[in-house]
Amino acid sequence: MDQIVIQGGRPLRGEVRTSGAKNAALPILASTILGGGECVLSNMPRVVDVLTMGKLLGMLGIAVTHEGDHTVVQAHSVASTEAPYDLVRTMRASVLVLGPLVARLGEAKVSLPGGCAIGSRPVNFHLAGLERMGAIVEIEHGYIKATARRLKGCRIYFDTPSVTGTENLMMAAVLADGTTILENAAKEPEITDLSAFLVKRGARIAGAGTDMITIEGVTELHGADHEVIPDRIEAGTYLVAGAITGGQVVVERCRPEHMEPLLVKLRESGVELAEEKECIRLKVAGRLKGTNVRTSPHPGFPTDMQAQFVALMAVAEGTSVVTETIFESRFMHVEELRRMGADIRVEGNRVVVTGKERLTGAPVMASDLRASAGLIVAGLAAEGTTEVSRVYHLDRGYERLEEKFRALGASVERRKEKCP
Ligand code: EPU
């Protein structure tokens, strides 16, 4: 297994370019199942989760090829309707093939995703929504089995907005008979991007990006070209890295309008930011101040930036409270940050952080993708050496992260973990 070794304490300086959004690329790839015709996708991030989704499509008999910077998907026919456990257990987002398979082929057998390091992550909204649309859904031998002759449009209300739940049901509704209305839908930019791609392919969708999405079913989709939006979480991670090291960075090819809650909180803690159309310039003068943050669905503060922000607050002046409202146990990074000298107390679903002047490097262990990012940004600021192990989590969602940090002047290396 690889680990990332950081010699901390160097302010980051320079320009860094954001890759395509993993969480937009995944549903877009899954949605290619919905129809034949060639789909040419650009700005696809080269991260393990996206490769895994490509592999899953391959297992379903769909041709996925890479031509230069483009990913070309041809789903003229779909040979299998099964997403096996061995694959789903490595990536929960595999459940995104469920809606498209039932919609196009009338059946799907998808392994039920198991436990997750960030809390219980049920898929009951996905299943209840498909049932509302007329599918018969059963759980058997660890698999979700869903069948339907043709799904029927209906009204579906989400108890709480779910990102992949909204995406799954939006994709299912595209080929359903009649109109589907998704209420209290998630509003993340990745949902709007999926909708934009589907509309290019002939789908009829209105309201994506709001809490009410209306989908009028059509009988088939054709191919289309699409450029995936930039990754707002990756871009946010570079901003926090710039801020925590007291640096001066320019994050290029990002969409500031997708990142407002983070930008507001960074400014509140004293970071100077200048927004341009597709770039953000960051500068820090003096020590940052602690500020309170509460994660919530978009346009609230993203849970996927919580670990990185906790790391930032660990060196900010004063006390900050960070409340996590999306996932119940997404504080696994806290114990590791403590090993680096951070003063953080967990109180139920919130942490109270008392900022220290400095952190000190230590061997730490990553528990999930964003926890890894949190530990790495902490390591960039810490005095001495930080070794982050289990970085395979990081590779699921960040493209060439250490290379990008090195270009900003950080000392970051990937090594094989020593055996105990
Ligand atoms: N929920 C249910 N039932 C469901 C679905 C969700 O109770 O059927 C609950 C969840 O337990 C959670 C809340 O609803 O409390 C919201 O979860 P959501 O469904 O929105 O999460 P997700 O779709 O599984 C996506 C991202 C996550 C990101 C969350 C929240 C993808 C592939 N994944 O997950 O990204 O944290 O939305 O924004 O889009 C990551 O990239 O590191 C990551 C974990």
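**Exercise 1. How many cavities of 30 Å³ or more does the count come to?**

Before we start, note that this is a predicted model, where local features need pLDDT of at least 70, side-chain atom pairs count only at pLDDT 80 or more, and totals for chains, interfaces and linings use all residues. Residues are numbered from 1 along each chain as its sequence is written, and side-chain values use heavy atoms, with hydrogens and water left out.

Step 1: On a 1 Å grid over the protein atoms alone, a cavity is a set of points where a 1.4 Å probe fits but cannot get out; a pocket is an open set with protein on both sides within 12 Å along at least five of seven lines; lining residues have an atom within 4 Å of a point. Points are joined across faces, edges and corners, and a volume is the space filled by probe spheres set on them.

Step 2: By this rule, there are three cavities of 30 Å³ or more.

**Exercise 2. Describe the largest cavity and the helices that help to line it.**

Step 1: The largest cavity holds about 70 Å³ of space. Its lining includes Arg232, Ile233, Pro261 and Leu262.

Step 2: Helix 8 and helix 9 each supply at least two lining residues (helices are DSSP runs of H or I, at least four residues, and strands runs of E, at least two, numbered from the N terminus).

Step 3: The axes of helix 8 (residues 232-244) and helix 9 (residues 260-268) come within 11 Å and cross at roughly 5° (axes are lines fitted to C-alpha atoms, for helices over the stretch in contact, with angles from 0 to 180 degrees between N-to-C directions). The two helices are therefore roughly parallel to each other (an angle under 35 degrees).

Step 4: Gly236, Leu239 and Val240 of helix 8 meet Leu262, Leu263 and Leu266 of helix 9 (contact means heavy atoms within 4.5 Å).

**Exercise 3. Place the second largest pocket relative to the two domains.**

Step 1: This pocket has a volume of about 410 Å³. Among its 20 lining residues, Asn43, Met44, Arg46, Asp69 and Glu399 lie nearest its centre.

Step 2: Helix 2 (48-59) and strand 5 (70-74) each give the pocket lining at least two residues.

Step 3: Domain 1 (2-19 + 230-416) and domain 2 (22-227) both contribute to the lining, so the second largest pocket lies between them (domain bounds come from an automatic or database domain assignment).

Key
Angles under 35 degrees count as roughly parallel, over 145 as roughly antiparallel, 65 to 115 as roughly perpendicular and the rest as oblique.
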